Amino acid sequence: MKAVIFPGQGAQFRGMGRELFDAYPEAAGQASDILGYDLPSLCLHDPHRVLNDTEYTQPALFVVGALAHRRWREENGDAAGCLAGHSLGEYCALHAAGAFDFATGVRLVQRRGELMARARGGGMVAVVGIDGDRFAGLLAEGAFTTLTVANHNTPTQHVISGDAETIGALETHLEERKVRSVRLKVSGAFHSPLMRPAQEEFAAFLRAFRLGDPRLPVIANATARPYPAGRTAELLTRQITSPVRWTESVHHLLDLGVSDFVELGGTVVGRLVDEIRTAPRPAPTAPPPVPRADGTSARPADPADPAPRPADTASAATELGSAVFRRRLGLRYAYAAGGMYRGIASSRMVIALARRGMLGILGTGGTPHQEIEADLRTIRAALGPDRPFGVNFLAHHDDPAAERAMADLLLRQDVRIIEASAFIRMTPALVLYRARGLRRGPDGTPVCDHRVVAKVSRPEVARAFMEPAPDAVLDRLVRDGDLGAHQAELARRVPMSHDITVEADSGGHTDGGISTVMMPAMHRLRQEAQHRHGYAEPICLGLAGGLGTPEAVAAAFMLGADYVMTGSVNQCTVEAGTSDAVKDMLQDIDIHDTEYAPAGDMFEMGAKVQVLRKGVFFPTRANKLFSLYSHYDGLDELPARTRDLLERTYFRRTLDEVWEDTRAHLRSRGRHDDLARAEANPKLRMALVFRWYFAHTAQLALNGRDDRTNYQVHTGPALGSFNQWVKGTDLERWRDRHVDDIGVRLLEGAAEHIAAMYLSWHQPASATPPPLPAPTGAA
């Protein structure tokens, strides 16, 4: 297979492109019109001595590379199997692969060059003749912790970026140790975090363009893997601050079966390829297997797989997790998005996820049944009968009738997958839903038409879901005529849930669990349950909580998760059913901008939710209400000043008015016994009044009303880490975030991360290097 490669900055020279400008005068003229100066004159004569200035170098190299590819294609046909470019050369590769047209490419590199040329106070130095291990040791020895490896050009050539003063100190450090280095003639620290201002401006500039996907595999500098679908703008933005992983890119091309490299637009990177190819490199060993629920083990995508796979990353993403989970729920990806309350996990969200082969779960907590039924009609009209989706089934600890009404709705609407949330025991309503979906298969084994994806954070609750339905509950349902005896018998042979999501510290309800502690314990519980009951179908374990970056998702799968479930990252998307005001607040939070507060639906129990802290008073006020509830036995005992404060700032109405609203609500729901108990019990009445605040603040946020200080927004630090991951990319603003795209990018990034980790663990020690080419390509 043949790969076409393009050089980056450093390959320019006066006189370049002469034959190309003569062959393609219209293209040369178009480029000159866009740039505002005579490009052929610049390249051929450089009358103003600016060809080596970044803002002029980058457009010149792009045009020469693009025209060189045009001529090569005309002479050879479309014979390239893969493409790659070193830094600026990546734009030539993407243009050659059809990701954008010639004029767009000129505009992109013109702006890129302008922004990068503005950088001041930085420097770059090429270090040659030493292998990576020795080089890393020299950096550590000199405590050069602020410097960045900008280019991994060959196993024995590295380019370092950083502030000019530290770069100067590094040169001295290297000279004293007889290590060869060459200072590059640049004003900025390219491909380092110091380029973040340029990256942010470039990201904003890219939003005006609709960049396509390359039609041929193009190896990205930032990942050393082919560009995945839908990520052209993102990876071009990342490239500005990310290292150029050229050595690893060439290794990947070799592993894909490339035997012939054709450099267009220069002769620099071809020499780098020659050195990389001749340096000894044992084949990477296969990654160790990831355990799956069905007892098999599957290795992550092996980056050394010699079979050329243009959709390498996408293919690997579909293989993450358990095939059992994907098959029985009818999914392409082992990925689910949890059902956030009050319809934040909207029908739009469910539809988008289902169309990409992921499990979307409709949020129903606090939503009237008629709205849920309307959402189900919308979902089914969009998806048809075959695409799977789920519906959240929330436990009602103080209202069993409401829980039973929800179970009846799920059965009436023939919902096949539910997410069971906040259950601490197996209630009649939940057991009824599970058992009603059981039938006997041809061989006599139970067939489960109703799937329960349980969400748990405590071992005793997980154990209850791994056990069959309680005998006492089944007997009662049979006795009351709600369940047939044959279904009760089948229910004693299957667990309450075959798919159990272990929820670590997360947004919303949380026990603050730690995934690395919880997952091993849950694995042991699953093993014991499987052994004790001999289930014909295995139990799968998913992981939720803290999943905001590809690294976190990769860690979940390496902990043995059969699937992953996200939450917080999904509520700051176009499809999320919360207000624009909330999304505006959430898109800029960091990992420390959340706090724990009492859960309104389990207020008296002291349960906690994790909520937004930045810009709101809700966490402080909610915790104050729980403190008052803990110290006083009724509203009448509250000090006058405290009561006045609550009425003026928290409730913005009198407590008596709040109680009247609460009484009316209980009457409308038919909860007359609860109302009678509250009338007789001042402590309970205080709890119900305080609960009103939680319902009110949640509704304020959903509606986006002006009283932002009282917004209750459930979210975890995963959203903060996600925001940092996408900063400077096309996903920085929530209006560009789509829930299904986030899921695919997280999974593809996780596959890339796992593969890269294994490659780094098995990198060979460098042998004595051959003679070195001159350093290349700052940008």
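Student: What share of the accessible surface of the protein chain belongs to carbon and sulfur atoms?

Tutor: This is a predicted model, where local features need pLDDT of at least 70, side-chain atom pairs count only at pLDDT 80 or more, and totals for chains, interfaces and linings use all residues. Residues are numbered from 1 along each chain as its sequence is written, and side-chain values use heavy atoms, without hydrogens and water. Accessible areas come from the Shrake-Rupley method with a 1.4 Å probe, and only the protein chains shown count as cover for residues. The surface comes to about 30,300 Å², and the carbon and sulfur share is 50%.

Student: How many of the 779 residues are buried, as a percentage?

Tutor: Buried means under 20% relative accessible area (exposed is over 50%, partly exposed in between; 1.4 Å probe, protein chains only). By that cut-off, the buried part of the protein chain is 59%.

Student: Where do the buried residues of helix 27 lie around its axis?

Tutor: Helices are DSSP runs of H or I with at least four residues, numbered from the N terminus. Helix 27 covers residues 655–668, and its buried residues are Leu655, Val658, Trp659, Thr662, Arg663 and Leu666. An α-helix has 3.6 residues a turn, so residues three or four places apart point the same way. Measured by directions from the helix axis to the C-beta atoms, the buried residues fall within an arc of 140 degrees, so they line one face of the helix.

Student: Which helices help cover those buried residues of helix 27?

Tutor: Contact means heavy atoms within 4.5 Å. The cover includes helix 26 (640–650), helix 28 (672–680) and helix 29 (682–703).

Student: Which glycine just after helix 27 takes a positive phi?

Tutor: Helix 27 has 14 residues. Just after helix 27, a phi of about 75 degrees belongs to glycine 670.

Key. Helix = DSSP H or I, 4+ residues; strand = E, 2+ residues; numbered from the N terminus. Expected span 1.5 Å × (residues − 1).
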